[in-house]
Amino acid sequence: MKQLNEFSIFSNLKQYDTVLGEAVYSSEEVKDKLKNIIEKSSLKSVYNQLSYLIDENIILPCYTSPNFIRSLMNKVFSNKIDKKSYGLYSKNHKKIYIFMSNFSKMFFFVNKNKLIKTLTHELMHYCCAKETSRFISIFKKDLLKFYKTFFINFFEEGENIVENRNLSNILNFLMMNFELRSNINHTALYNYAYVLEKNIQIDDMILKRESIVHLLSPVKIYLQSPKTYMNAITSNQNIRHIITSIYKSYHKINVNSLPDTIPIQEIIFPSEIIAIQSMYDFNNKHIQLLKGI
Ligand SMILES: [Zn+2]
């Protein structure tokens, strides 16, 4: 009960869930408030679908402690809305959380535009897990374009570096071994190295293997500790090369401003690419995906 007192300004809040060991609180009023914001936003054409997900607590706007919000970025792949609110798609819970600290009174201080963009981002992750084959059929072209551009830039090779058939193999591997897994073990990264070696065309085998290690070592660091990865960015030229290659690839799929997330997840999670795209170039394809949920 002590914790609940922190939220005493909203007497009707009750505990709805526990995320990463932390209690989160919400109410029908808070949920209705989010529906109202959606109704007036770029997501209005899928209001009914999202309303249903809010009723079912699959999208849960909730209050939690400021300390927990501050520590989120170091623990999981969450997205900042502002200093006091974050969005998260939890693979374990199969739910989207909009976390707010108890000071952001009923979304009043929350940047609504950023809130909707973040919700759209998390929805892409949710749909990819829930409607995987539809997700792939809608976005396969964009994903293949992204990965091809990425490999050309990262390995500094020409168009022949990878054929479409090989790109599809890589994409399928990523879906099965990273995207749809809630726990990723390091064997998956070794297998990824093998899949890349097999599907990428570079004549110099030693150079190819070396480059693959340069690509996957930062991913390993990131999976162990997002914070260590973020701290290494400025000093590590290799990571900067990866990030530049990711930015060039976003450009190819109409993301023309630099995303304010820290790039790296794209290398193993295809849904991150579409989640970012939905924030910067929200189009009919994203609507089509959401209409089917
Ligand atoms: Zn994401």
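Helices and strands here are DSSP runs, numbered from the N terminus. With that naming in hand, Leu 20 can be placed in the loop between β1 (14-19) and β2 (22-26). The model is a predicted one, and its confidence is worth a look before going further. The protein chain averages a pLDDT of 91, and 95% of the residues score at least 70. Residues 1-8 are another story, with a pLDDT below 50. Beyond near neighbours in sequence, that stretch has six contacts in the model.

Now for the overall layout. The domain assignment splits the protein chain into domain 1, covering 2-130, and domain 2, covering 132-291. Taken over C-alpha atoms, the centres of domain 1 and domain 2 are 27 Å apart. The two domains do touch: 19 residues of domain 1 are in contact with 20 residues of domain 2. Which elements give two or more residues to the side of domain 1 that touches domain 2? They turn out to be α4 (66-75) and α5 (112-130). Of the elements on this side, α5 gives the most, with nine residues. As for chemistry, the residues on the side of domain 1 that touches domain 2 come out as eight nonpolar, nine polar and two charged.

Next come a couple of backbone oddities. Most residues other than glycine have a negative phi. Leu 20 goes the other way: although not a glycine, this residue has a positive phi of about 50 degrees. Is Leu 20 buried, exposed or partly exposed? Leu 20 counts as partly exposed because it has 15 C-beta neighbours inside 10 Å, and that label covers counts between the 12 or fewer of an exposed residue and the 20 or more of a buried one.

Glu 156 is also not a glycine, yet its phi is positive, at about 55 degrees. Where is Glu 156 found? Its place is the loop between α6 (132-155) and α7 (164-179). Glu 156 has 12 other C-beta atoms within 10 Å, so it is exposed.

A further loop residue is Arg 181, which lies between α7 and α8 (186-199). Arg 181 counts as exposed because there are 12 C-beta neighbours inside 10 Å. How many ångströms separate the C-alpha atoms of Arg 181 and Gly 292? The separation is 23 Å, for two residues that are 111 residues apart along the chain.

Note on methods: Residues numbered from 1 in each chain as written. Predicted model: local features only at pLDDT ≥ 70, side-chain atom pairs only at ≥ 80, totals over all residues. Helix = DSSP H or I, 4+ residues; strand = E, 2+ residues; numbered from the N terminus. Domains from an automatic or database assignment. Contact = placed C-beta atoms within 7 Å. Nonpolar A, V, L, I, M, F, W, Y, C, P; charged D, E, K, R; others polar. pLDDT = per-residue confidence, 0-100.
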